[in-house]
Amino acid sequence: MVETENTKVCITGAGPAGLSAALFLSKAGIPCVLLEKAVFPRDKICGDALSGKVLSILKKYNPDLIPELNDQPFTTGSDGVAFFAPNGKSLRVPFKSSQNRLHHPGYTAKRIHFDNFLAEQVRKQANIDFRENIEVGEIIHSDKGVIVQDKQGNHILRSELIILGNGAHSAFAKKAGINVEHKHYSAGIRQYFSHVDGLDPENFIELHFLKDLLPGYFWIFPLSNHEANVGLGIRSDVVSKKKLNLKKIFEDTIANHPAIKNRFTNAVSTSKVEGYGLPLGSKKRVISGDRFMLSGDAASLIDPFTGEGISNAMISGMFAASQVAKCLDANDFSAEFMKSYDEEVYRRLGKELELSTKMQQLVNYPWLFNFVVNKATSNKELQSLISSMFDDIDLRKKFKDPLFYLRLFK
């Protein structure tokens with residue numbers, strides 16, 4: 001039996017949520033212990049896209065990290081997104097903030113590199129005790145705090161509270177009643193390729209809404225070193241209902257789809273095909289309780305339309321750190337007091353997740369999706385509006401307004 005240590009804060013999982021929580025706690029002068037079952041650098045299956053929201057969180061922590069990230073050999077600047085409608089028509093949407101040429105408005109980077117970049121920032125902080133190669137087992141609540149055990153049943157820590165950033169399959173999240181239904185979950189497939197033809201000259205990420213994949217999509221995201229992250233994602237209830245074999249569909253799309261196959265004539269796979277699950281933020285959930293907060297994928301915060309999860313994870317980590325400070329100041333770790341964490345997370349992300357859910361539902365009507373893209377390709381004003389929607393949540397509300405579509409028919 002290992003002797004139990006005491007700490008103010010314990011964080012489980014060193015993904016973007018846990019790493020961000022640790023960094024913002026450090027900035028606030030609050031020491032913590034961060035536990036991670038892997039040893040860095042380690043990979044995570046992901047789309048590898050870093051949106052402008054990621055940059056905004058890094059800037060809040062330390063503005064100097066933006067140029068540092070920009071100069072990393074593993075990052076590729078991305079200036080927008082290209083949508084491909086079911087009818088094959090495409091719409092390139094530049095990010096409005098791309099007008100700022102001090103840095104790109106978004107990036108792509110393999111998770112093995114980006115997570116390690118964040119981990120290196122954590123290692124620089126004297127008040128973060130970062131422990132790798134420790135897999136958390138049981139988490140036990142008591143009147144005196146939270147006791148964390150490893151898989152061998154040894155007591156590692158007794159903490160005032162715990163932040164759980166241990167991913168989509170968090171056992172604690174399930175124990176706390178966070179059961180993600182299939183309609184709020186997406187299945188994904190990813191593979192790396194080198195020398196995919198026809199990548200966008202400004203490294204726009206590509207979302208292909210192919211008719212056979214709706215309400216999911218096929219993606220191609222450009223990476224450094226002439227590589228690309230290629231994959232597809234489909235909501236799990238659709239996969240189950242249609243008994244889909246995602247790996248077979250993925251490989252068949254690359255080999256035979258008329259709009260895709262020629263892009264892979266000279267492509268060489270640089271990894272095996274790997275699958276993963278995405279707990280979507282299409283349902284509002286309780287993400288805290290007595291002495292605990294869920295963050296990142298453990299809190300089911302992935303964007304239902306784009307599948308983006310890194311930025312939302314980092315946002316939740318930042319808010320979790322802020323809530324820790326409130327709890328310590330008030331010496332109150334009750335579920336009632338923790339509710340302000342949920343409120344902050346959903347105040348920042350709730351409307352965005354709600355609108356992305358509506359946009360996901362829009363894809364169920366391919367004729368309407370085709371119509372919007374067709375209109376936008378010949379309408380500069382509409383193109384500018386759609387571009388602005390990525391940065392302006394109020395403008396994005398137009399997507400759920402029937403009058404928006406009626407006006408397009410004029």
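This report covers two cysteines and one helix pair in a predicted model.

**Cysteines**

The structure holds 0 disulfides. Cys10 takes part in no disulfide. Its nearest cysteine sulfur belongs to Cys32, 8.7 Å away. Cys32 is likewise in no disulfide, and the nearest cysteine sulfur to Cys32 is that of Cys10. A disulfide needs two cysteine sulfur atoms within 2.5 Å, so the 8.7 Å between Cys10 and Cys32 rules out a bond between them.

Are these cysteines buried or exposed? Cys10 is buried, with a relative accessible area of 0%. Cys32 also counts as buried, at 3% relative accessibility. The cut-off for buried is under 20%.

| Cysteine | Relative accessible area | Nearest cysteine sulfur |
|---|---|---|
| Cys10 | 0% | Cys32, 8.7 Å |
| Cys32 | 3% | Cys10, 8.7 Å |

**Helices H2 and H8**

Helix H2 spans residues 52–61, and helix H8 spans residues 310–330. The two helices pack at an angle of about 30°. Their axes lie 8 Å apart. Angles under 35 degrees count as roughly parallel, so H2 is roughly parallel to H8. The crossing of H2 past H8 is left-handed.

Which residues meet in this contact? From H2 come Lys53, Val54, Ile57, Leu58 and Lys60. From H8 come Ile310, Ser311, Asn312, Met314, Ile315 and Met318. The residues of this contact divide into 7 nonpolar, 2 polar and 2 charged. Lys53 and Lys60 of H2 are the charged ones, because Lys counts as charged. Ser311 and Asn312 of H8 are the polar ones.

Key
Residues numbered from 1 in each chain as written. Predicted model: local features only at pLDDT ≥ 70, side-chain atom pairs only at ≥ 80, totals over all residues. Heavy atoms only, no water. Buried < 20%, exposed > 50% of the residue type's maximum accessible area, 1.4 Å probe, protein only. Axes fitted to C-alpha atoms, helices over the stretch in contact; angles between N-to-C directions. Helix = DSSP H or I, 4+ residues; strand = E, 2+ residues; numbered from the N terminus. Parallel < 35°, antiparallel > 145°, perpendicular 65-115°, else oblique. Left-handed = near helix turned anticlockwise from the far one by under 90°. Contact = heavy atoms within 4.5 Å.
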